[in-house]
Amino acid sequence: MIPVKAYAAQSATSPLTPIDFERRDLREQDVLIEILFSGVCHSDLHQARNEWGGSMYPMVPGHEIVGKVIGVGSGVTKFTAGQTAGIGVMIDSCRECKPCKKYMEQYCAEGMTGTYNGYERDKKTIAQGGYSTQIVCDERWVYHVSDSLDLAGVAPLLCAGITTYSPLKYAHVQPGDKVAVAGLGGLGHMAVKFAVAMGAEVTMLSTSPSKEQDARKLGAHHFVLSSDTEAMKKLESHFDVVLDAVSGNHDYEIYLKLLDLNGKLLVVGLPSDQPKVNTFELIKNRRCIIGSMIGGTDETQEMLDFCAEKNIVADVEVIPMQYINEAYERMLKNDVKYRFVIDMASLK
Ligand code: NAP
Ligand code: ZN
Ligand code: ZN
């Protein structure tokens, strides 16, 4: 077994505290990674605090992982020691069902195996995530990362990046399309970068007046406060795509109304309350609501290669592991530009 240091939540109400535990010895297809950086996703907070129900403790969150390969199993073909690699939200799946065969393992018929907060395939071991010094994972769920990119900025690509890249691709965003992004957080800021890189005319819809300059720096062409009812009214039936990356409970109708003919509301944000949909607004313009969960293994590698080619990384605030509880509080106040990333050297 491989001893590691980590930070874990012991219950929904306790702060994250240090913990030591062991990773499994390498199986044939396993890769051992020394974690350099681990991004802090709002899903980490939702789950550490049991906002979606069913959380399992102790819980080491973290599913935006970048590090160096320091060991490989005898059957590994994709990696050798010394290479830079990433792991995202999944570490396994059934590998047999239709989605798995298409490398869309996030939609596995048996349910994907999450990087943390769930059992591994043995249904006994609780998977533990990236707020730790090392991780072991089957090579299928490990990605190649270009050394030309800033590695702290790469970590958030493994969740915030792929979760926004995948639906924008699925919606076939083309040059000249009108795309709005709701919620300028970790996911939202990546959505702006990707939509701009795909050639869209991008509008940021935010609740925070202070984020206008940043939105423009990220490449957004327009910025609208979602609380400004007059400005929102002017945008009704205007967009081809609205990507909703909002973490808090909110009204979906204000975004639905903005869609033009055949417009798509891409929902990736996962607030605790279930949305209500006004069907009269839905049938107008033949609007469509599409949910999207991260992205499959092939598409995640494609996204990382796209980022290397276009020099896209997340805008990050690097923090030591010991700052994590303050970071969660600041995330709740929308006070992060635009992703906290833990420097795992702080745990050694
Ligand atoms: P984040 O960094 O905290 O950003 C969320 C942003 O949403 C905030 O910065 C804020 O932006 C806006 N917001 C928050 N509360 C709001 C409210 N009540 N009404 C309107 N806007 C509000 O969170 P994140 O890490 O980007 O994650 C966003 C959501 O996506 C979370 O629910 C997360 O669990 C989910 N998620 C889903 C997937 C998936 O596979 N579908 C993957 C990862 C994460 P403004 O200040 O600009 O308003
Ligand atoms: Zn995430
Ligand atoms: Zn499957």
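## The loop around M293

In this predicted model, M293 sits in a loop, with β15 (288-291) on one side and α10 (297-310) on the other. How exposed is M293? Its relative accessible area is 37%, so M293 counts as partly exposed.

M293 also has company out there: together with M104 and Y107 it makes up a nonpolar patch on the surface. Taken together, the three residues offer about 260 Å² of accessible area.

## How α4 meets α5

Next, a helix pair. Helix α4 covers residues 160-170 and helix α5 covers residues 186-197; the two pack with their axes 8 Å apart, at an angle of about 45°. That angle makes α4 oblique to α5. As for handedness, the crossing of α4 and α5 is right-handed.

## H63, tucked into a loop

H63 belongs to the loop that runs between α1 (42-48) and β4 (65-72). Buried or exposed? With a relative accessible area of just 5%, H63 is buried, because the cut-off for that label is under 20%.

If you want a partner to look at, try I91: C-alpha to C-alpha, H63 and I91 are 9.6 Å apart in space, with their positions 28 residues apart in sequence.

## Salt bridges

How many salt bridges turn up in a search of the whole structure? The count is 21. One of them pairs R49 with E329, where the closest N and O atoms are 2.8 Å apart. This pair ties together distant parts of the chain, 280 residues apart: R49 is in the loop between α1 and β4, while E329 is in helix α11 (residues 324-332). R49 comes out as partly exposed, at 28% relative accessibility, and E329 is partly exposed too, at 37%.

R287 and E281 form another salt bridge, again with 2.8 Å between the closest N and O atoms. Here both R287 and E281 are buried. Then there's D335 with R330, whose closest N and O atoms are 2.9 Å apart. Which side of the cut-offs do these two fall on? D335 has 36% relative accessibility, so it counts as partly exposed. R330, at 19%, counts as buried, since the buried label applies under 20%. Finally, salt bridges also link up into a network made of R24, D30 and E120.

Notes: Residues numbered from 1 in each chain as written. Chains lettered and ligands numbered in written order. Predicted model: local features only at pLDDT ≥ 70, side-chain atom pairs only at ≥ 80, totals over all residues. Heavy atoms only, no water. Patch = residues over 30% accessible without salt bridge, like charges linked within 9 Å, V, L, I, M, F, W, Y side chains within 5 Å. Areas by Shrake-Rupley, 256 points an atom, 1.4 Å probe, with all protein chains shown as cover. Salt bridge = Lys/Arg side-chain N within 4 Å of Asp/Glu carboxyl O. Helix = DSSP H or I, 4+ residues; strand = E, 2+ residues; numbered from the N terminus. Buried < 20%, exposed > 50% of the residue type's maximum accessible area, 1.4 Å probe, protein only. Axes fitted to C-alpha atoms, helices over the stretch in contact; angles between N-to-C directions. Parallel < 35°, antiparallel > 145°, perpendicular 65-115°, else oblique. Left-handed = near helix turned anticlockwise from the far one by under 90°.
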